[in-house]
Amino acid sequence: MKQKQSVELHIPLQEEMLPVIVSCTENTAQAFGFGKEEQLSLSLATEELFAFLSGQREDAGEMHFCCRHGGYYLEASCLFPRRALPTKVFNRTASMSLDDDAALAEMGLLLAARTVDHFCLEMLSDNRMGLQLRLEKRYPQAAPEEFEELPSLGFALAEPEREALKQFSRRVLAVYGDSAPEFFHYPGKLVDMLASGEYGAVLMQDSKGQVGGGFLWQYGGKMVEAFGPYVFSEQAGLAVTLVEGALNKLARSGIVCMTMRQPTAQAPAGYFEPLGEVVLASVGGVVRRHTALYRQLEEDNGMSVFAHPMIEAFLRQQYELLALPRKLQPAIYEGEEQLADSILSTRLDRRKLTAFLAVLAPGADMKENLAMHVTALRNENIKNIFFELDLGKAAEVEAAPAILAAGFTPQFILPWGGRGDLLLLTLPEEA
């Protein structure tokens, strides 16, 4: 089993070292069992990033490179001195045009960002930057199939094994269609997600191996985000059994709470508390509404979170409704030195016409940068735009006025969703 293994390299940021890091990336991806397409994609992204950094200045320093096998993805982590990267180039990722000479000059770095599935920048406390390039393995897409009617009894909890997970994935698509998360379109990917240890699941099966339902969750610190419950049989209490099976697995695990941003209609009453309503527009103008849910699994001993005065009243109201012990500390920008150029991340689900924005690095141009991202997303027909604000990071919370000025409105809190709680804001489609 190669997953969770990694290869590390310390390399000077010098142009003549470019073949070394490219060869390392490609050979590592091959050794970890990834196909030629994935090898080339990750090595290209690494090549463009290294070429850009090494060409900026002679004293750029050294880069620590680590390529890690995550099961269903490869992750290349790059740590380097902050002076090596001018942050303003990231703002062009939202609006790059072939008519923009400045963007063309930086196309290599932009190509690196767009070649991989996830591109994340972190400003570290020791005057360094961290860049993570994540490339997910390419899996065959599930072929459409008719749903086979199942018996209304005989299903019991079972450990999720490979073929059962594939069957589960195909049945979710057959019954729930495009309302299901993207990964259900790839049964092999779902198998590897569970094998990675980053996800957990419970299934209901009968004596013939037929899957009557399932419930899935992703681990994230002290919170798990759940998907489902997905029910394919009319057996009484099946959804309740699935949820209780999940809760039993998570008991005494150190996980504080479970959230569901998009629960199915089968989520059993009485097991969860409402967080807030989410409205999603989809292809064809169909509008879907659902209520995000929350359940506390262990005692929440509280923490401090940051609050800008413009969102403080909303946060206090939400914490009171959820009965969560939180100490609110003020986070207000008061003229101290900050980056001139802010950096935003964008997570897209084109199938659902949805995007999630977040702050990678706050800066003086936050308002203009955010407006540029929103315009670019609207031009790509992205109808549902959300902003995730980490209340555990004061510098992010200080950007609240710019986020609100762009038309975003607070929706609800995801407890323990980031370094602190995560505040989800949404942008009306007409904004």
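Two strands are said to pair if DSSP finds at least two bridges between them. With that in mind, I would like to start with strand 16, residues 354–361, and strand 17 of this predicted model. The two strands run parallel and are joined by five bridges. One of the residues involved is Thr 354, whose bridge partner in strand 17 is Asn 384.

Let me now place that pair in its sheet. The sheet is open and has five strands, in the order 15-16-17-19-18, with mixed pairing. At its edges are strand 15, residues 343–349, and strand 18, residues 409–414, each of which pairs on one side only. Direction ignored, neighbouring strands of this sheet are turned by 25° against each other on average.

Two helices deserve mention here. Helix 8, spanning residues 309–322, packs on the sheet and touches strand 17, strand 18 and strand 19. The direction of helix 8 makes about 40° with that of strand 18. Helix 9, spanning residues 366–379, also packs on the sheet, where it touches strand 15, strand 16, strand 17 and strand 19. For helix 9, the angle is about 20° with the direction of strand 15.

I turn next to the second largest pocket, which has a volume of about 230 Å³. Which strands each supply at least two residues of its lining? They are strand 11 (273–281), strand 12 (287–296), strand 17 (384–390) and strand 19 (422–427). Strand 17 and strand 19 thus appear both in this lining and in the five-stranded sheet. Strand 11 gives the most, with four residues.

The lining of this pocket comprises 15 residues, and those nearest the centre are Val 279, Thr 426, Leu 427, Pro 428 and Glu 429. By class, nine of the lining residues are nonpolar, three are polar and three are charged.

Finally, a single residue: Gly 130, in strand 5, which covers residues 128–136. Is Gly 130 buried or exposed? Its relative accessible area is 1%, and because buried means under 20%, Gly 130 counts as buried. Leaving aside neighbours within four places in sequence, Gly 130 is in contact with Cys 78, Leu 79, Cys 120, Leu 121, Glu 122 and Leu 124. There is also a relation to Arg 82, which stands 48 residues apart from Gly 130 along the chain: their C-alpha atoms are separated by 8.8 Å.

That concludes the presentation; I welcome the group's comments.

Terms used
Residues numbered from 1 in each chain as written. Predicted model: local features only at pLDDT ≥ 70, side-chain atom pairs only at ≥ 80, totals over all residues. Heavy atoms only, no water. 1 Å grid on protein atoms, 1.4 Å probe; cavity = no way out; pocket = protein on both sides within 12 Å on 5 of 7 lines; lining within 4 Å. Points joined across faces, edges and corners; volume = space filled by probe spheres on them. Nonpolar A, V, L, I, M, F, W, Y, C, P; charged D, E, K, R; others polar. Buried < 20%, exposed > 50% of the residue type's maximum accessible area, 1.4 Å probe, protein only. Contact = heavy atoms within 4.5 Å. Axes fitted to C-alpha atoms, helices over the stretch in contact; angles between N-to-C directions.
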